[in-house]
Amino acid sequence: MGQTLAFDIYGTLIDPQGVAATLEGWFGEQAPVLARAWREKQLEYTFRRGLMGAYADFDTCTEQALRYCCQALDIELDPEQEVALLLRYRQLPAFTDAAPALDRLRADGHRLFAFSNGRAETVDELLRHAGLDDRFEDVVSVDEIGCFKPDPRVYRHFLQRANVLPMAAWLISGNPFDVIGAQAAGMRTAWLDRAGQGLFDPWGGEPTATIRDLDELAGALGL
């Protein structure tokens, strides 16, 4: 029987480090450092804004995180470069296992949803550029309710939008905080541990399944 699958986007289907190639052409050895710092600060801003109750959309967090990291790393970014980088962040590549795995899951009768911190318009653009947009039944964005993962309201919002009970839905994510949030909401979870390091937060619970790549997901759903 087909199941309802909520796919995180950044870090799960789409590679945020895909921006490093653009950065490398401009900043050389500083490029991977900036790429990692940018991603970390971007997430930090979502967490902080969530705690403060001061929501700003993910695009804003991304832009502000870039400016902060450039200042922290003493990198001069002119306005044209900033515009180009922010555009590039809306055109990131998909991981190579994403398209074939999604095609198999859809052929197996599962309902596929994109479920993201990103604005729906941004996620739509990202998926189109990566060639993944036609795989999903719908895009569900946290922007619709003005809070970020792992706020419990986010997962309840997804379940309502997908019209599904928690135990009949899976979250698939490469981000442990997202997996833990979904589990707390009663969903089943597949943690995508691409690095294979097993570095999952020791909070006393484990994902329903742990996979190394998306090719393993179809088998994990039988758990």
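1. A good place to start in this predicted model is helix H2 (31-52), whose buried residues pack against helix H1 (20-27), helix H3 (58-72), helix H4 (79-88) and H8. Those buried residues of H2 are Ala31, Leu34, Ala35, Trp38, Arg39, Lys41, Gln42, Leu43, Tyr45 and Thr46. You will notice that Arg39 and Lys41 are on that list.

2. The span of H2 is worth a look too. Its 22 residues reach 31 Å from the first C-alpha to the last, close to the 32 Å expected at 1.5 Å a residue. Just after H2 comes glycine 53, with a positive phi of about 70°.

3. How many cavities of 30 Å³ or more are there? The count comes to 1, with a volume of about 60 Å³. Lining this cavity are Asp8, Tyr10, Arg39, Leu43, Phe58, Asn117, Lys149, Asn175, Phe177 and Asp178. The elements that give two or more residues to this lining are H2 and helix H8 (176-184). By class, the lining has 4 nonpolar, 2 polar and 4 charged residues. Arg39 and Leu43, met above as buried residues of H2, are both part of this lining.

4. Asparagine 175 deserves its own point. This residue sits in the loop between strand S4 (169-173) and H8. Is asparagine 175 buried or exposed? Asparagine 175 counts as buried because its relative accessibility is 11%, and the cut-off for buried is under 20%. Leaving aside neighbours within four places in sequence, asparagine 175 is in contact with Asp8, Tyr10 and Arg39. Each of these three contact partners also appears in the cavity lining.

5. On the open side, the largest pocket has a volume of about 570 Å³. Of the 22 residues that line the largest pocket, Gly11, Gly174, Asn175, Pro176 and Ala195 lie nearest its centre. Elements giving two or more residues to that lining are H2, H8 and strand S5 (188-192). Which of them gives the most? That is H2, with 4 residues. The class breakdown of the lining is 9 nonpolar, 6 polar and 7 charged residues. Asn175 therefore belongs to the linings of both the largest cavity and the largest pocket, while being buried at 11% relative accessibility.

6. The second largest pocket has a volume of about 170 Å³. Its lining is made up of Pro150, Pro152, Tyr155, Phe177, Ile180, Gly181, Ala184, Asp201 and Trp203. Helix H7 (152-162) and H8 are the elements that give two or more residues here, and the largest share, 4 residues, comes from H8. By class, this lining has 7 nonpolar, 1 polar and 1 charged residues. Phe177 is found in this lining and in that of the largest cavity.

7. Please check the backbone at Pro150. The peptide bond from lysine 149 to proline 150 is cis, with omega near 5°. Proline 150 is in the loop between strand S3 (138-141) and H7. Lysine 149 helps line the largest cavity, whereas Pro150 helps line the second largest pocket.

8. Two further loop residues merit a check. Most residues other than glycine have a negative phi, and most peptide bonds are trans. Aspartate 74, in the loop between H3 and H4, has a positive phi near 55°. Asparagine 163, in the loop between H7 and S4, has a positive phi of about 55°. Aspartate 74 is exposed, with a relative accessible area of 68%, and asparagine 163 is exposed, at 70%.

9. Turning to the strands, S1 (residues 4-7) is covered on both faces: Thr4 and Ala6 are buried on one side, and Leu5 and Phe7 on the other. S1 runs parallel to strand S2 (residues 111-116), joined by 4 bridges, and S1 also runs parallel to S4, again with 4 bridges. Leucine 5 stands opposite leucine 112 in S2 and opposite tryptophan 170 in S4.

10. Finally, valine 123 lies in helix H6 (residues 120-130). Valine 123 is buried, with a relative accessible area of 0%. Apart from neighbours within four places in sequence, its contacts are Ile9, Ala114, Ser116, Gly118 and Val139.

Methods. Residues numbered from 1 in each chain as written. Predicted model: local features only at pLDDT ≥ 70, side-chain atom pairs only at ≥ 80, totals over all residues. Heavy atoms only, no water. 1 Å grid on protein atoms, 1.4 Å probe; cavity = no way out; pocket = protein on both sides within 12 Å on 5 of 7 lines; lining within 4 Å. Points joined across faces, edges and corners; volume = space filled by probe spheres on them. Nonpolar A, V, L, I, M, F, W, Y, C, P; charged D, E, K, R; others polar. Expected span 1.5 Å × (residues − 1). Buried < 20%, exposed > 50% of the residue type's maximum accessible area, 1.4 Å probe, protein only. Contact = heavy atoms within 4.5 Å. Pairing = 2+ DSSP bridges.
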